[in-house]
Amino acid sequence: MRTTVGIIGAGPAGLLLARLLRGAGIDSVVLESRDRAHVEHRQRAGILEQGTVDVLRAAGAGERMDREGLRHDGIELRFARRRHRVDFPGLTGGRSVMVYAQTEVCRDLIALRTKEGGPLLFEAEALAVEGADTDAPRVRFRHAGREDVLECSYVAGCDGFWGVARKAVPASLSRVFERTYPYAWLGILADVAPSHDELVYARHDRGFALLSMRSPSVSRLYLQVPAGTEAGEWSDEDVWGELERRFETTDGWRLERGPITQKSVTPMRSYVHEPMRYGRLFLAGDAAHIVPPTGAKGLNLAVGDVVTLARALAHEKETGSPELLDAYSETCLRRVWQAERFSYDMTTLLHRAPDATAFDDRLQLARLERIASSRAAGTDLAEAYTGFPVG
Ligand SMILES: Cc1cc2nc3c(=O)[nH]c(=O)nc-3n(C[C@H](O)[C@H](O)[C@H](O)COP(=O)(O)OP(=O)(O)OC[C@H]3O[C@@H](n4cnc5c(N)ncnc54)[C@H](O)[C@@H]3O)c2cc1C
């Protein structure tokens, strides 16, 4: 099998890249190790930055998002049982975010790809990228019980944190920057209308909590729990009781309970692999970097990477110049490190470390007071949350 761009992974990065390349007249093949149902039901991100929304619309993949997504003009910070709203458009000159689940973004992109004839191979597991530093890289993969080879001009490693593409970069050239955290998120999906119409980020002496939503009738809620916690350790009653404690306010705000339909634990990690390019292999999305989910940046970074890559490949096709491809890693990493910084700041602002002292608690509250009382500090948060420029 032969194509111009071999794409490993049908997460948001791989699917959107295939879509953008198609728009630029560049053919590609997408290999995805899991089946379609798995990819379409994997619960993950839910917040799309303004730039991501604009890219999906321009790619012709925004129709259902515009119908069913929920535009959000702010978030609430909750601390010391008080509430402070961060007004995005007011602080950023009109920017906002969209609540539209990653599952739905993937479903829309898969539907477009299959309607237009693919190729998108599910249950096709890439085993290795070979010859990345030559003019003819290859992806060895297994599909329908048989091993096969995809011959390419370029390979895009969009296969997430646990994929194989990153392994093709020689260890002598790789630099890894990493931090793990001593806590994780216990996330639930519940069939109940969200108790607030915007996301609520709560800092509490017992730990962080987040109120989010998937639709007007489905709530997504998270609790900070110790790293290594199993979802089964928490009964539904315990989850609701702890959420109520952490969201409690002085003004009588109430959290509505409902049937919990899913419970899972997400570890927290910051990770960057440099460089994001080796020869004709380009890493994009979680394959190259991970952020803790507190800043809602992971999916949006993946989108930024593939926009940059698609633009660079189109430029090379039109002009014959590899200058944008040569700049790919550096261009992406500028944005990646801003997102790493913001995600780290939000995480340490709101979570309580197991060894936190009374001094650390006071500092967190002072940082939150600063955001609540200073337009400059509020603007800094709002600008980062609604997103850094794409590309
Ligand atoms: C609980 C949770 C909440 C989150 N919340 C947010 C949020 O609010 N906002 C935000 O922006 N981000 C959020 N994120 C992060 C976001 O989900 C990821 O950053 C995003 O999925 C990255 O997309 P990707 O396409 O790079 O990787 P992935 O979505 O991981 O896709 C990679 C794909 O590659 C496939 N694959 C792996 N190995 C192979 C192989 N060998 N061969 C073929 N295919 C392979 C995988 O099956 C997968 O489909 C959250 C993540 C979690 C876990």
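Tutor: A residue is called buried if 20 or more other C-beta atoms lie within 10 Å of its own, exposed if 12 or fewer do, and partly exposed in between. Please keep in mind that this is a predicted model.

Student: Why does Ala296 count as buried?

Tutor: Ala296 has 25 C-beta neighbours inside 10 Å, which satisfies the requirement of 20 or more, and therefore it counts as buried. Ala296 sits in the loop between strand 20 (289-290) and helix 8, and its phi is positive, near 55 degrees, although the residue is not glycine.

Student: What makes Glu123 partly exposed?

Tutor: Glu123 has 15 C-beta neighbours inside 10 Å, a count that falls between the limit of 12 or fewer for exposed and that of 20 or more for buried, so the residue counts as partly exposed. Glu123 belongs to the loop between strand 8 and strand 9, and for this residue, again other than glycine, phi is positive, near 50 degrees.

Student: How do we know that Leu210 counts as buried, and what does Leu210 touch?

Tutor: Leu210 has 24 C-beta neighbours inside 10 Å, which meets the threshold of 20 or more, so it counts as buried. Leu210 is a residue of strand 15, and, leaving aside residues up to four places away in sequence, it touches Leu199, Val200, Tyr201, Leu221 and Tyr222. The C-alpha atom of Leu210 is also 9.7 Å from that of Arg78, a residue 132 places apart along the chain.

Student: Which residues of helix 7 are buried, and what places them on the same side of helix 7?

Tutor: In helix 7, the buried residues are Val239, Leu243, Arg246 and Phe247. They cover an arc of only 90 degrees around the axis, and therefore they lie on the same side of helix 7. An α-helix has 3.6 residues a turn, so residues three or four places apart point the same way. The other side of helix 7 carries the exposed residues Glu237, Asp238 and Gly241, whereas the buried residues pack against several strands, among them strand 5 (74-79), strand 13 (175-190) and strand 17 (260-274).

Student: How does the span of helix 7 compare with what is expected at 1.5 Å a residue?

Tutor: Helix 7, residues 236-247, reaches 17 Å from its first C-alpha to its last, and this is close to the 16 Å expected for its 12 residues. Helix 10, residues 328-350, reaches 33 Å with 23 residues, close to the 33 Å expected. The buried residues of helix 10 include Tyr328, Cys332, Arg335, Ala339 and Leu350.

Student: What makes helix 1 mostly covered, and what covers its buried residues?

Tutor: Of the 12 residues of helix 1, 10 are buried, including Pro12, Gly14, Leu17 and Arg19. The elements that cover these buried residues include strand 1 (5-8), strand 2 (28-31), helix 6 (102-115), strand 12 (154-157) and helix 8. After helix 1 comes Gly25, with a positive phi near 75 degrees.

Student: Which elements supply residues to the shell around the ligand, and which residues are closest?

Tutor: Helix 1 (12-23), strand 9 (124-130) and helix 8 (298-319) each supply at least two residues of the shell, and the largest share, four residues, comes from helix 8. Altogether 35 residues surround the ligand, of which Gly9, Gly11, Gly160, Gly285 and Gly298 are the closest. By class, the shell has 15 nonpolar, 13 polar and seven charged residues.

Student: Where are the prolines Pro119 and Pro275, and what omega goes with the cis bonds from Gly118 to Pro119 and between Glu274 and Pro275?

Tutor: Pro119 is in the loop between helix 6 and strand 8 (120-121), and the bond from Gly118 has omega near -5 degrees. Pro275 is in the loop between strand 17 and strand 18 (277-278), and the bond joining it to Glu274 has omega of about -5 degrees.

Student: How do we know that the radius of gyration of the protein chain agrees with that of a compact globule?

Tutor: For 391 residues a compact globule would have a radius of gyration near 21 Å, and the protein chain has 21 Å, so the two agree. Of the 391 residues, 44% count as buried, and among contacts between residues at least 6 apart in sequence, 73% join residues at least 24 apart.

How values were computed
Residues are numbered from 1 along each chain as its sequence is written. This is a predicted model: local features need pLDDT of at least 70, side-chain atom pairs count only at pLDDT 80 or more; totals for chains, interfaces and linings use all residues. A residue is near a molecule or strand if its C-beta atom, placed from the backbone, lies within 6 Å of it. Ala, Val, Leu, Ile, Met, Phe, Trp, Tyr, Cys and Pro count as nonpolar, Asp, Glu, Lys and Arg as charged, and the others, Gly among them, as polar. The radius of gyration is taken over C-alpha atoms; the globule rule is 2.2 Å times the number of residues to the power 0.38. Two residues are in contact if their C-beta atoms, placed from the backbone, lie within 7 Å. The expected span of a helix is 1.5 Å times one less than its number of residues. The arc is that of the directions from the helix axis to the C-beta atoms.
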